[in-house]
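Visitor: Let us walk through this model together. I will ask, and you reason.

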Amino acid sequence: MKAPPFAYARASTLSEAHALLADPDAKPIAGGQSLLASLAFRLSQPTLLVDIGRISELSGVTLLGDHLRIGALTTHAALGRNDLIRRHVPLLADAASLIAHPAIRNRGTIGGSLAYADPAAELPACVVALDATIIVGSARGERRIAAADFFTGLLSTVLADGELITAVEVPCRAATDRMTIAEIARRSGDYAMAGVAVKLAMNGPQVSAARLVMFGVGEGPVLAVHAMAALVGQPMEASAIETAQAALDRDIDPPADHHGGPDTKRHLARVVLGRALNKIATEAA
């Protein structure tokens with residue numbers, strides 16, 4: 001299929017973008033790695049595309065006290081190589097290397113990935129695991145939204161008409177934090193059949209707090225609350241990991257897709273969770 005006809009405008013400032021996006025039939029475009037595909041399949045049919053790719057206010061990664069502010073135009077490739085991100089939020093850098101292929105990582109942006117909200121995408125799960133805050137703005141003003149409240153279902157978010165993601169604020173890791181991401185895909189660069197983003201706070205050998213967010217097994221990022229509860233207060237060893245894997249069945253209700261049925265997805269979710277937790281246990285030891 002081909003994209004429907006649309007007009008095009010390039011915004012040079014954030015205020016200009018907000019004014020253009022006040023049109024309810026307008027859509028922003030930056031890297032275009034998600035939007036162009038949805039246009040081709042006519043899942044999205046805007047009458048106006050607003051190019052935000054040259055707005056300097058949406059760029060850059062800045063350390064602000066105990067958190068990083070990541071501009072919405074930061075590409076996946078930049079996430080992977082930025083020194084501040086690798087030092088303070090390595091989960092995002094590790095996730096970037098799993099996203100699609102180099103050509104897509106060089107163009108796709110963190111803001112676009114979060115706004116499109118693909119349930120098999122890595123970055124939505126990561127920002128929920130990191131307890132990040134998503135900053136959105138429009139001609140009406142700015143809103144700060146907890147990442148856990150941002151995603152509402154399949155390819156859907158709380159973004160209102162005219163709103164644009166401008167930045168993501170992520171807490172810096174503490175010395176006792178452990179982070180990792182793991183996924184299973186049929187081929188390198190494919191969307192994940194099942195994946196997990198993990199952030200653990202450790203008190204010596206014991207887990208004092210846990211954030212486990214599954215992706216590819218639901219309509220969006222899934223916070224695995226029962227699996228998390230199975231880990232907290234326990235030493236990071238085989239018995240605790242197996243208990244968390246078993247508890248995962250209470251957290252997810254995966255739909256069938258072209259990768260397999262619900263039972264297959266549950267099995268893959270347990271496998272990928274085990275791999276991630278065993279990696280942290282090995283590193284801790």
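Visitor: Is Glu-163 buried or exposed?
Guide: Buried means under 20% relative accessible area, exposed over 50% and partly exposed in between, with a 1.4 Å probe and protein chains only. Glu-163 has 11% relative accessibility. That value is under 20%, so Glu-163 counts as buried.

Visitor: Before we go on, what should I know about the model?
Guide: This is a predicted model, in which local features need pLDDT of at least 70, side-chain atom pairs count only at pLDDT 80 or more, and totals for chains, interfaces and linings use all residues. Residues are numbered from 1 along each chain as its sequence is written, and side-chain values use heavy atoms, with hydrogens and water left out.

Visitor: Which side chain makes a polar contact with that of Glu-163?
Guide: Glu-163 sits in the loop between strand S9 (156–157) and strand S10. Helices (H or I, at least four residues) and strands (E, at least two) are DSSP runs, numbered from the N terminus. A polar contact is a pair of N or O atoms within 3.5 Å; within protein, one must be able to donate a hydrogen and the other to accept it, and residues adjacent in sequence count only if both atoms are side-chain atoms. At 2.7 Å, the partner of Glu-163 is Arg-143.

Visitor: Which residues is Glu-163 in contact with, leaving aside neighbours within four places in sequence?
Guide: Contact means heavy atoms within 4.5 Å. Neighbours within four places in sequence are set aside. The list for Glu-163 is then Val-136, Gly-137, Ser-138, Arg-140, Arg-143 and Val-158.

Visitor: Why do the buried residues of H1 line one face of the helix?
Guide: In helix H1 (residues 14–21), the buried residues are Leu-14, Ala-17, His-18 and Leu-21. The arc is that of the directions from the helix axis to the C-beta atoms. Seen down the axis, the buried residues of H1 line one face because they fall within an arc of 100 degrees.

Visitor: Which residues are exposed on the other side of H1, and which strands are included in the cover of its buried residues?
Guide: The exposed pair on the other side is Ser-15 and Ala-19. The cover over the buried residues includes strands S2 (26–29), S3 (48–51), S6 (133–138) and S10 (164–171).

Visitor: Which residues of H1 does Ile-55 touch?
Guide: Ile-55 lies in the loop between S3 and strand S4 (61–64). Its relative accessible area is 0%, so Ile-55 is buried. Not counting residues up to four places away in sequence, Ile-55 touches Ala-11, Ser-12, Thr-13 and Leu-73. Its contacts also include two buried residues of H1, Leu-14 and Ala-17.

Visitor: How far apart are the C-alpha atoms of Ile-55 and Ala-11?
Guide: Along the chain, Ile-55 and Ala-11 are 44 residues apart. In space, their C-alpha atoms are separated by 7.1 Å.

Visitor: How many residues of H8 are buried?
Guide: Helix H8 (residues 122–129) is mostly covered. Its buried residues are Glu-122, Leu-123, Pro-124, Ala-125, Cys-126, Val-127, Val-128 and Ala-129. The count is eight of eight.

Visitor: What is the phi of Asp-131?
Guide: Asp-131 is found in the loop between H8 and S6. With a relative accessible area of 47%, Asp-131 is partly exposed. Its phi is positive, in a residue other than glycine, and is near 55 degrees.

Visitor: And what is the phi of Ala-117?
Guide: Ala-117 lies in the loop between helix H7 (110–116) and H8. At 4% relative accessibility, Ala-117 counts as buried. Its phi is also a positive value in a residue other than glycine, near 60 degrees.

Visitor: Which residues of H8 is Phe-151 in contact with?
Guide: Phe-151 belongs to strand S8 (residues 151–153). At 13% relative accessibility, Phe-151 counts as buried. Leaving aside neighbours within four places in sequence, its contacts include Leu-114, Ala-117 and Pro-221. Among them too are the H8 residues Pro-124, Val-127 and Val-128.

Visitor: Which helices are included in the cover of the buried residues of H11?
Guide: In helix H11 (residues 238–247), Ala-240, Ile-241, Ala-244, Gln-245 and Ala-247 are buried. They fall within an arc of 165 degrees seen down the axis, so they line one face. Their cover includes helices H10 (225–231) and H12 (262–284).
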